[in-house]
Amino acid sequence: MAIYLNDVSRTFGEYLLIPGLTTKQCVPQNVDLKTPLVRFKTGETPAIMLNIPFVSAIMQAVSDAGLAIALARSGGLAFIFGSQPVEAQAEMVRKVKKFKAGFVTSDSNLTPEHTLADVVALARATGHTTIGITDDGSPNGKLLGLVTSRDYRVEKDSPDCKVKEFMTPFAKLTVGEIGMSLTEANQVIWDHKLNTLPIIDKDQNLVYFVFRKDYDSHKNNPDELLNANNKTLLVGAGINTRDYELRVPALVDAGADVLCVDSSDGFSEWQSSTIRWIKQRYGGQVLVGGGNIVDPEGFRYLVEAGADFVKVGIGGGSICITREQKGIGRGQATAIIDVAAARDAYFKESGVYVPICSDGGLVHDYHMVLALAMGADFLMMGRYFARFDESPTKKLKIGNNYVKEYWGEGSNRAQNWQRYDMGGTETLKFEEGVDSYVHYAGKMKDNLNVTLGKIKATMCSCGAITIAELQKNAKITIVSSTSIVEGGAHDVMLKE
C-alpha cells in the first residue's frame, strides 16, 4: 500500500518567529548575511560564498545578463536561463564575465566617416553621450577618437558633417592601458580632470571606458560577488538533462562559475546521470547544483550523484501550477524543515556540508527569514526579481498600474519542455506554469536594500547576527488563521 506521511504540509504563512534576546551586539550593521553556495568539507572554505542569501530563478522572464550583473554587484548570484539556444546562453554568460566594476564595454560606437546625424540618432537611441570612434565602428576596434556632447552643437552644425571633423582625435586623448586597476584608472581621471578614460590594448584597440560618474557607484557596492583571482563578477547558468553534453562545455568555456540542473522534479535518474557526467568529465572541478526535491530521499539521491547544492521546492512558486495539474509537491516550509534535517544528518555522518536552496513559496519578506531559520542556506526567487528594471521583460501600463510580464518555465510561452523531461517525446503535453504580470517595482538596488534591512532587523529581534546563529537559535511557532488576522491592521478605519 502507499506510504502515508503523518506531518501536515505547511507553508511559511503558517509560522511566526518568536523574539529572542536582542543583545547590544544585535544591531543591523553587525549582521553578516554571508552563506555557502556549494558543498564543502569540515575545516574547508566553500569555493563560493554568497554575500547575501539570494539567487535568481532560472527563468526567461528573470535571469538574463543584465539582471545577473546587477545581482552580483549587490552580493547575490543569477542563474542565466537555459531555455534558449546554447550559444545565446553562453553569450549572456560571457557578457557578465566581461563586465568589470568600473570598466564598461562601449555600447555606442561609430566610425570617422559617420555623420553628426548618426551621432544624434545613436545618442537618442541609447541615451549615451560618450561615443567611441573606432576604425570599424565596433566596441573593440582601433580607437581613433571620442565624441561627447561637448564636441558638437545640433542647432548650428550641419547634420552631414563628418565625425572626423569634430571628434576629439586619439592624439589628444588621455588613455589608460589594459591591466591597470580601477584605483589607478580613477586616479588618472582625477589627475587629468576627465569625465571619461578610454582603456586600450597594446594595438590601440578600445577595450573599456571608465567614467568619473561611476566612482561613487563602486563605493556603493561593497558586497560585489567577485572571483578572487580575476575580479570578474560571478554568474551561474541553468542546464537541462537532454543537451548537457553540448551545453555544459559551452557554458564552462564562456566562464560560468556554477551550473544548476533546472527541473521541476529532480528526483530522477536523468538528473543523476547529468550530474555524474559533469563530475566525471571535469574531474569534479565544475560546480553543479541539482533539484528540485522535497524530501530527504531526494536530497540524498542528488548528493550521492555529486550535487554541490540541492534546490528544494515543488509547486510553491507564484506562477507554478504543478500541484494543481499533477497533484505532486509539498508545502514549502515542511519541505525545507525536512530536507534541512537530512542535510544536517549527512554533514554529521560524512563531514560534508551540502547547502540547500529554498525555491518558491515566498510571499512576504519575513518569509525569507523563516526559510533561512528553518534551514535554507539561500533563497531562489523569480517573482521578486521579475518586478525590477533589470529583469528582461517589458514594462507595461495596464489601467493605472505599471506592470512587468512574468511567465513560468512550465508555460507554453516558455516552451521549456526539457525542464519536465520524462524521457518521452520532445513536447510539452500540458502546462505547469502560467503567463502573468507582476507589479513594477523600480530599481533592484532600492528594493533590495529595503528587503535586506527587514531581514537584518528581524534577525536582530531573534538574537542572531549570522544565518548560522539564526538557524541554531530561532524560535518558531505555528499560527492560527485568527492570529494571522490579528497580525494585520484590524478594527480601525484606514485613511486613504
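**Entry 1: overall picture**

I began with a tally of the secondary structure, and the protein comes to 16 helices and 24 strands. Helices here are DSSP runs of H or I with at least four residues, strands are DSSP runs of E with at least two, and both are numbered from the N terminus. A note to self on the source: this is a predicted model, where local features need pLDDT of at least 70 and side-chain atom pairs count only at pLDDT 80 or more, while totals for chains, interfaces and linings use all residues. Residues are numbered from 1 along each chain as its sequence is written, and side-chain values use heavy atoms, with hydrogens and water left out.

Next I looked up the dimensions. The C-alpha atoms fill a box of roughly 85 × 55 × 50 Å along the principal axes. The radius of gyration is 25 Å, which agrees with the value near 23 Å for a compact globule of 496 residues; it is taken over C-alpha atoms, and the globule rule is 2.2 Å times the number of residues to the power 0.38.

Buried residues make up 52% of the 496. I use buried for under 20% relative accessible area, exposed for over 50% and partly exposed for in between, with a 1.4 Å probe and protein chains only. The protein exposes about 23,900 Å², and carbon and sulfur atoms supply 51% of that area (Shrake-Rupley method, 1.4 Å probe; for residues, only the protein chains shown count as cover).

I also checked contacts, meaning heavy atoms within 4.5 Å. Of those between residues at least 6 apart in sequence, 65% join residues at least 24 apart.

**Entry 2: the barrel**

Here I followed 8 strands that close into a barrel with parallel pairing, in the order β5-β6-β14-β15-β16-β17-β19-β20. From one strand to the next, the twist averages 30°. Two strands count as paired if DSSP finds at least two bridges between them. Axes are lines fitted to C-alpha atoms, for helices over the stretch in contact, and angles run from 0 to 180 degrees between N-to-C directions.

I zoomed in on β16 (residues 288-293) and β17 (residues 310-312), which pair in the parallel sense over 3 bridges. In this pair, I293 stands opposite V312 of β17. Helix α9 (residues 296-305) packs on the sheet, touching β16, β17 and β19 (356-359), and its direction makes about 160° with that of β16. Helix α11 (residues 332-350) also packs there, touching β16, β17 and β19, with its direction at about 175° to that of β19.

One backbone detail caught my eye: a cis peptide bond joins G291 and N292, with omega of about 10°. N292 lies in strand β16. For context, most residues other than glycine have a negative phi, and most peptide bonds are trans.

From N292 I went on to F267, which sits in the loop between β15 (258-261) and α8 (269-281). Not counting residues up to four places away in sequence, F267 touches N292, I293, E297, G298 and Y301. With a relative accessible area of 41%, F267 is partly exposed.

**Entry 3: the three-stranded sheet and α5**

I then turned to an open sheet of 3 strands with mixed pairing, in the order β11-β12-β13. β11 (176-177) and β13 (206-211) stand at the edges with a single partner strand each, so one side of each has no neighbour in the sheet.

β12 (residues 196-200) pairs with β13 in the antiparallel sense over 5 bridges. I noted T196 opposite F211 and L197 opposite V210. The two strands form a hairpin with 5 residues between them, and Q204 in the turn has a positive phi of about 70°.

Is β13 mostly covered or not? It is mostly covered, with 6 of its 6 residues buried.

Helix α5 (residues 182-191) lies across β12 and β13, running at about 65° to β13. Its buried residues are L182, A185, N186 and I189. They cover an arc of only 95° around the axis, which puts them on the same side of α5; the arc is that of the directions from the helix axis to the C-beta atoms. The face turned away from that buried side carries the exposed residues T183 and D191.

My last stop was K193, in the loop between α5 and β12. K193 has a positive phi near 55°, and at 74% relative accessibility it counts as exposed.
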